[in-house]
Amino acid sequence: MNCGLVTEKNEPVPLKSISVEVRVQDHVATVSSTLQYVNEEERPLEALFVFPLPADAAVCHFSAKIGEQEIVAEVQERETARDRYDDAVSSGQQAFLLEESKESPDVFRLSVGCLSPGQNAAVTIIYVTELAVQADHSLRFCLPAVLNPRYTPAGSAAGIVSEISSGCGSVPYTLTLSVHVSSPKPISKLESSCTLDPLVFLHSDHTQATVNLSPGHMFDKDVELFVFYQDTHQPSAIVEAGVTTAPSGSLMRDPVVMISLYPEFPEEVMSSLATQGEFIFVMDRSGSMSNTRIESAKDTLLLLLKSLPMGCYFNIYGFGSRFESFYPKSVKYNQKTMDQALKRVKKMKADLGGTKILEPLKHIYSQPCYPDHPRQLFIFTDGEVRNTKEVLDLVKHHAHSHRCFSFGIGEGASTALITGMAREGSGHAQFITGTDRMQPKVMQSLRFALQPAVVNISVDWTLPDGITVDTLSPPINVLFQGQRSLIYAHLKGESSGGSEGTVTVKYSLKDQPVTNQLHFCLKPTEETGLAVHRLAARTLIRSLEQKERSGDADVESVRSRIVELSVQAGVSSVRTAFIAINKDSRQTVKGPLLQRRVPTQGTAYGLLSGPQSAQPQAPERTKSKSLLGSLRQALFKNQDSQKFIQSERKDAQNSRNGDLYSTLLVNDRASYSSRSRLRTYEPTRYCRDPILASHQASSLDKQRDLLVQLVSLQKASGCWELDATLADVFGKMEDELTNQKPAQVDGSVWATLLALIWLYGCKIEQQVEWQFVAMKAASWIGSQKVGDLSRCVCEGNVLLGCHVTKEALGI
């Protein structure tokens, strides 16, 4: 028995294969996805595919091959493209329409019209995207398997249709994926969450390599690739030549430069992180956060609460269909308030219903800020919302008063929502997928949050005479140590002699002026295609779309510029669409069409087509809208499409044809966990003996529990008490700890010293999780009067069987 939507004969939807080719050049990826379909019905098929893409990706090519004939789409103004599609389908021509959602820039819809019985169609979509830099300096590419249902606030226009089908059985199509990596820097290694064929280097200098996904991948999880270069974190520049046939003076005619910046803050500034601030933790408590996710979130909140500096302010919000906060307003961080908060954290459940994130944000922003305590928001969610742009506009409106650090939990979290909140809130985004642990990424973001705010950022260009520059990226309003910043710029004119340019970034950090400089060659980089131009155009289009929403400029003028730039560069925008029509095809269309869904393993691949009616239909459809056309009008023209869908679903169920809609294709989720990856050149790390695997998992959980237990015992000030619960963490009796305590050393000092030694001696691999806990402890010990500290450290090492120096403890 097949899962999902099937025909009356129990036949699956006709998606036969998915082929993906990825070309990684430095830290830009060009992705080509081809989906092979065949209409196995006895009547023409019309379908709608809904699929995710990376929020900042630029779709730059869309085509369909019917038999031996290829139809290449062109970019047109959105309404014009829709009308052309509807007219073509109504008259029996094959047509394809690719549109970006107005509600969220990481969701696209592909309408396929009039695929004849028995006919094959290969649909190809190409996009370019930047690869996110991970904490270990790798670059991450993701081909996802999931698009979550998005929560729609009551009364809003339902503009995004997506659904996950339950997994059972095997998918009826194949997936192949090949990757070609090239870079001026040598490729160190490539890791993946899936099984890969061996990495093949094409040159002795290791600057080019290829790798393929091993056969048999069931697509029941994301395909993640992590590319490591030598010196990835170094500033760099890519200059790309334009197209000589493009209009003179246009973006596509002239060279474009992409600057990658990695600011280096002075060591004396970074040695003392901020001790002030207002920290507000906003936790998704909707139903989908149940089980392991909410438990991991509770452990994360424990770590965060223990890591906060004394004297700061904090509050914790939970949200779903409604929201609640631990305190009416943020309270000062001390032992009493920390203990109160931890008791409530332990009782937290995923019991608040849907995913209404807008209301808690409005409430937080309505609260006055504390002077000299900059507000830092930490937002955790595993869901997606349909009012993404409304949420982002709210965050942007209050960007002057806070920084926003966002976390997408699970493989279905929206890149547009998560990265957008961080971008508009001058913060940092993290994605936690698969077997990733939440704590390391959250603590990395806390390190960013505790860095002093960078202010007065300016970017200056020094170029040879005859060359001018037009910066396309929005002004940089945030810089973090260890985080990449990108600048796209349009280079105009011709050099009268010089071949080198310089970009200088100046800013202030704790009232100290800092200057970072990058020299780059103006000669275009070879074999980059137009990837940089298209990403630059996409960046400028995003800025113009923001202007249109804010009303800061002439709306009609801005819209016209968006359409002009989108058509000229051949990239997607909210004001345009890709349209392809096979004018050679024309056939009689009889009545509404069949609806189908791809049986999947919980993936995001599917299609929509009209339900089959039991009643005879008119012999021909001329200039009338199909069911799909009606649904698309409801989706895009602010009609109540939910009622429409429910009505049509009921009709479909009556005719035993199943659900009405489903989902498809490619997006990006930025995540990192080196412990969960399978290296291409190593044997699999996963244990195949179920008994041994269960034992190993139990041991790992116990070790993690010990760390959580130790952290939970720390006081807000940073110290520990000498008692039986602490001794239990060390695997000792309380008497052993007490008897080995050096004379004239306070019990709390001895306990705190032992805790530090245990962390550095036994948990060094998880240091990113407990680094702030240890910093507080070391600072507290430093404030106490301790005699021979070196001797105390030696005694502690003997007791715990460790070999940690006093210097390593930071005391």
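This passage walks through the overall make-up of a predicted model and then some of its strands and helices.

Starting with the broad view, the protein comes out with 18 helices and 34 strands. Of its 811 residues, 57% are buried. The contact pattern leans on distant parts of the chain: among contacts with a separation of 6 or more, 75% are between residues 24 or more positions apart.

Strand S26, spanning residues 402-409, is a good place to look at burial. This strand is mostly covered, with eight of its eight residues buried. That goes for both faces: His402, Cys404, Ser406 and Gly408 sit on one side, while Arg403, Phe405, Phe407 and Ile409 sit on the other, and every one of these residues is buried. S26 also has pairing partners. Strand S24 (residues 375-381) runs parallel to S26, and the two are joined over seven bridges. One of the residue pairs here puts Thr381 against Gly408 of S26 as its bridge partner. Strand S27 (residues 428-432) pairs with S26 too, again in the parallel sense, over five bridges. In that pairing, Ile409 stands opposite Ile432 of S27. So Gly408 and Ile409, both buried, turn up in pairings with Thr381 and Ile432, respectively. An antiparallel arrangement shows up elsewhere. Three strands make an open sheet in the order S28-S31-S32, with antiparallel pairing. Its edges are strand S28 (454-462) and strand S32 (512-521), each of which pairs on one side only. From one strand to the next, the twist averages 15 degrees. Strand S31 (residues 500-509) is linked to S32 over ten bridges, in the antiparallel sense. Within this pairing, Val503 has Leu518 of S32 as its bridge partner.

Strand S9 (residues 120-130) offers a single-residue example, Thr129. This threonine counts as buried because its relative accessibility is 5%. Leaving aside residues up to four places away in sequence, Thr129 touches His27, Val28, Ala29, Pro54, Ala57 and Leu535.

Turning to the helices, two packed helices are described by the angle between their axes and the distance between the axes. Helix H16 (residues 747-762) and helix H18 (residues 789-800) pack at about 60 degrees, and their axes are 10 Å apart. That angle makes H16 oblique to H18. The crossing of H16 past H18 is right-handed. On the H16 side, the contact involves Trp750, Leu753, Leu754, Ile757 and Trp758; H18 brings Leu789, Cys792, Val793, Glu795, Gly796, Asn797, Leu799 and Leu800. Sorted by class, the residues of this H16 and H18 contact are ten nonpolar, two polar and one charged.

A second helix pair involves H3 (residues 292-307) and H17 (residues 767-783), which pack at an angle of about 30 degrees with their axes 8 Å apart. At that angle, H3 counts as roughly parallel to H17. H3 passes H17 in a left-handed crossing. Leu303, Lys306 and Ser307 of H3 make the contact with Glu769, Phe772, Val773 and Lys776 of H17. The class breakdown for H3 with H17 is three nonpolar, one polar and three charged residues.

Side by side, the two helix pairs read as follows: H16 crosses H18 in a right-handed way, whereas the crossing of H3 and H17 is left-handed. The first contact has ten nonpolar residues and one charged, while the second has three of each of those classes.

Definitions and conventions: Residues numbered from 1 in each chain as written. Predicted model: local features only at pLDDT ≥ 70, side-chain atom pairs only at ≥ 80, totals over all residues. Heavy atoms only, no water. Axes fitted to C-alpha atoms, helices over the stretch in contact; angles between N-to-C directions. Helix = DSSP H or I, 4+ residues; strand = E, 2+ residues; numbered from the N terminus. Parallel < 35°, antiparallel > 145°, perpendicular 65-115°, else oblique. Left-handed = near helix turned anticlockwise from the far one by under 90°. Contact = heavy atoms within 4.5 Å. Nonpolar A, V, L, I, M, F, W, Y, C, P; charged D, E, K, R; others polar. Buried < 20%, exposed > 50% of the residue type's maximum accessible area, 1.4 Å probe, protein only. Pairing = 2+ DSSP bridges.
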